[in-house]
Amino acid sequence: MRRIELTSHIRLIFWAAVAMLCVPGTAQVQAPSTVGPCLVFHIRGNVTTDPAIDTCRQLGGSAQAANLRGWVLAQLGYAFDQAERAQCGTLGCLGPAPVTIILYPDALANAGVQRRTDRLTLTVNTGLIDFIDAAARSFNSDMKNLQLGRPTRGGYGDWMASVLGLGGQRCVFQVAFPTPTVASADLPQEQAVASAAYQLVLAHELSHFRTPQFRCNYSGQDQLGLEMSCDRIAESSLLRVTNTTFTPVAAVAWMMAMEVYERLTGPLYHNFYMGGNAPPTFEGMFPARDWKARSRQIVQTWNAFCGTGARSAICPDGYGDVIRFADSLTQQPLPTPCSPDSAPHAQTSGGFCSALKQALSLAASKFASIKGVSYRSGDSQTTFLIPGFRSCTVQNDADSGDSNLFCSAPTAKYADLLQGYKSCLSDWAVEEHVDKSGRRHANFSHRGLRPVVSVWESNNGGVSTSVDEHE
Ligand SMILES: [Zn+2]
């Protein structure tokens, strides 16, 4: 496996740059409130009715996002302040509009901004936070070990190599996430590295917010071009802020971690997200998730900025070495996508049926490989989607070790879904009954073996379903 190698010169420059960062976490944000599975926190004002908050309310369920580390909120608050200052000059320059950040649970890393001008509502999902966290910790670990002349074991390079090594295998595996369950003595440095990613994410969203039609002054039609235009505005603004705490190389490490991971798991996500007329590949479905192109632009914008003679924490003497190092991160080898077709039950026709069968094939691994997010101590749940359902949750029982996949479709009709299951699982036995409350149930089993698929009318009038591996 190719490893990331650093010359001692680069080590010193990077470490000096990180050491100059002040420790984020001083921003004062109000205590977050729990709405459904989301965490809602107000940076300014106190919006209680908002379409995004309403969506959380409708999702119901417990506060999965609350499993996040507490300091993430302070990190986001700090990153928002930096992003705002970078974008328009001073804290508060965006005006009096209320500012709310909503954390919601989902596996595929994402962030967004709601298209309203009277308020600023930013959404960030748990998958994104897990990626930023993992990239920051592992990258910091490599940098520290290199600085101390120690082998870079268990860090970013090893993580990328382990993902690369899974290339081409069938899509039933667990991808390691280097997130230790104990707090690291290097937490301040890790937070500083993570802050670069958070600042870029939020400055990107503010770039949408501050430009006509949220289009970042982009006149083309393609999604990747639009998102890269926002990236460019965001990064340029962050680079201009004096005494910057934005470290482009850290942002590149995070983006490239997503690139490597998504190249591998793309077929899996494609199965989960695709509808009837979806493009045939993950990349075709999400053209803006070209993290390699986007991270290469980060490097180019940085290089051009330093080339103008700017001298700051991000363009120190010898900065060219660090830029070349960041560029080498963007050139790291990418894994061959995993192979969904060789999974036991996988079929490629029909989004719903394909996703259901994919879920069945993953039951034996206790759904570990669909998490897309890290296992964390005490974190027993995560989500993904089957077409037709609003959300699915992997539920792990820590005591018994059992796990199941639970999905709900609040507006679906039982009879319709049951028909879909019957045609998808046509060679499975089905047992139907009505419970004491008058709700209809159906249990599907195949030759008496596990997993069992259940579908039933839920309390709220919609339909629930589960895939259970164990009794
Ligand atoms: Zn965007």
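**Group meeting talk: strands, helices and cores in a predicted model**

Let me start at one edge of a sheet: β4 and strand β5, residues 120-125, run antiparallel and are joined by 3 bridges. If you want a pair to click on, take Val113, whose bridge partner in β5 is Leu122. Before I go on, please keep in mind that this is a predicted model.

Now, where does that pair sit? The open sheet here has 5 strands, in the order β1-β2-β3-β5-β4, and its pairing is mixed. At its edges are β1, covering 33-35, and β4, covering 111-113, and each of these pairs on one side only. On average, neighbouring strands of this sheet are turned by 25° against each other, ignoring direction.

Next, the helices that lie across these strands. Helix α4 lies across β3 (99-104), β4 and β5, and runs at about 65° to β5. Helix α6, residues 187-209, lies across β4 and β5, running at about 30° to β4.

Let's stay with α4 for a moment and look at its partner, α5. When two helices pack, we describe them by the angle between their axes and the distance between those axes. For helix α4 (residues 126-147) and helix α5 (residues 156-164), the axes come within 7 Å and cross at roughly 120°. The two helices are therefore oblique to each other. Which residues of α4 and α5 meet? From α4 we have Ala135, Ser138, Phe139 and Asp142, and they meet Tyr156, Gly157 and Trp159 in α5. The residues of this contact divide into 4 nonpolar, 2 polar and 1 charged.

Some of those names come back when we turn to the core. The largest nonpolar core has 93 residues, and the ones with the most contacts inside it are Ala135, Ala197, Ala253, Trp254 and Ala257. Which helix gives the most to this core? That is helix α8, residues 248-273, with 15 residues. A nice one to look at is Ala253: leaving out residues up to four places away in sequence, Ala253 touches Ala135, Phe139, Tyr156 and Leu329. Apart from the largest core lies another one, of 23 residues, among them Val394, Leu405, Val452 and Val453.

Val453 takes us to another set of strands. Strand β9 (residues 429-434) and strand β10 (residues 440-446) run antiparallel, with 6 bridges joining them. Within this pair, Glu431 stands opposite Asn443 in β10. The two strands form a hairpin with 5 residues between them, and in the turn Gly438 has a positive phi of about 85°.

Then β10 is joined by 5 bridges to strand β11, residues 449-457, and these two also run antiparallel. Here is our Val453 again, in β11, as the bridge partner of Phe444. This second hairpin, β10 and β11, has 2 residues between its strands, and Arg447 in the turn has a positive phi of about 55°. While you have these strands on screen, remember that side chains in a regular strand alternate between the two faces of the sheet.

Let me finish by zooming out to the whole chain. Its secondary structure comes to 13 helices and 12 strands. Of the 471 residues in the chain, 48% are buried. And among contacts with a separation of 6 or more, 67% are between residues 24 or more positions apart.

Thanks, everyone!

Technical notes
Residues are numbered from 1 along each chain as its sequence is written. This is a predicted model: local features need pLDDT of at least 70, side-chain atom pairs count only at pLDDT 80 or more; totals for chains, interfaces and linings use all residues. Axes are lines fitted to C-alpha atoms, for helices over the stretch in contact, and angles run from 0 to 180 degrees between N-to-C directions. Helices (H or I, at least four residues) and strands (E, at least two) are DSSP runs, numbered from the N terminus. Angles under 35 degrees count as roughly parallel, over 145 as roughly antiparallel, 65 to 115 as roughly perpendicular and the rest as oblique. Two residues are in contact if their C-beta atoms, placed from the backbone, lie within 7 Å. Ala, Val, Leu, Ile, Met, Phe, Trp, Tyr, Cys and Pro count as nonpolar, Asp, Glu, Lys and Arg as charged, and the others, Gly among them, as polar. A nonpolar core is a set of buried Ala, Val, Leu, Ile, Met, Phe, Trp, Tyr and Cys residues joined through C-beta atoms within 7 Å. A residue is buried if 20 or more other C-beta atoms lie within 10 Å of its own, exposed if 12 or fewer, and partly exposed in between; C-beta atoms are placed from the backbone. Two strands pair if DSSP finds at least two bridges between them.
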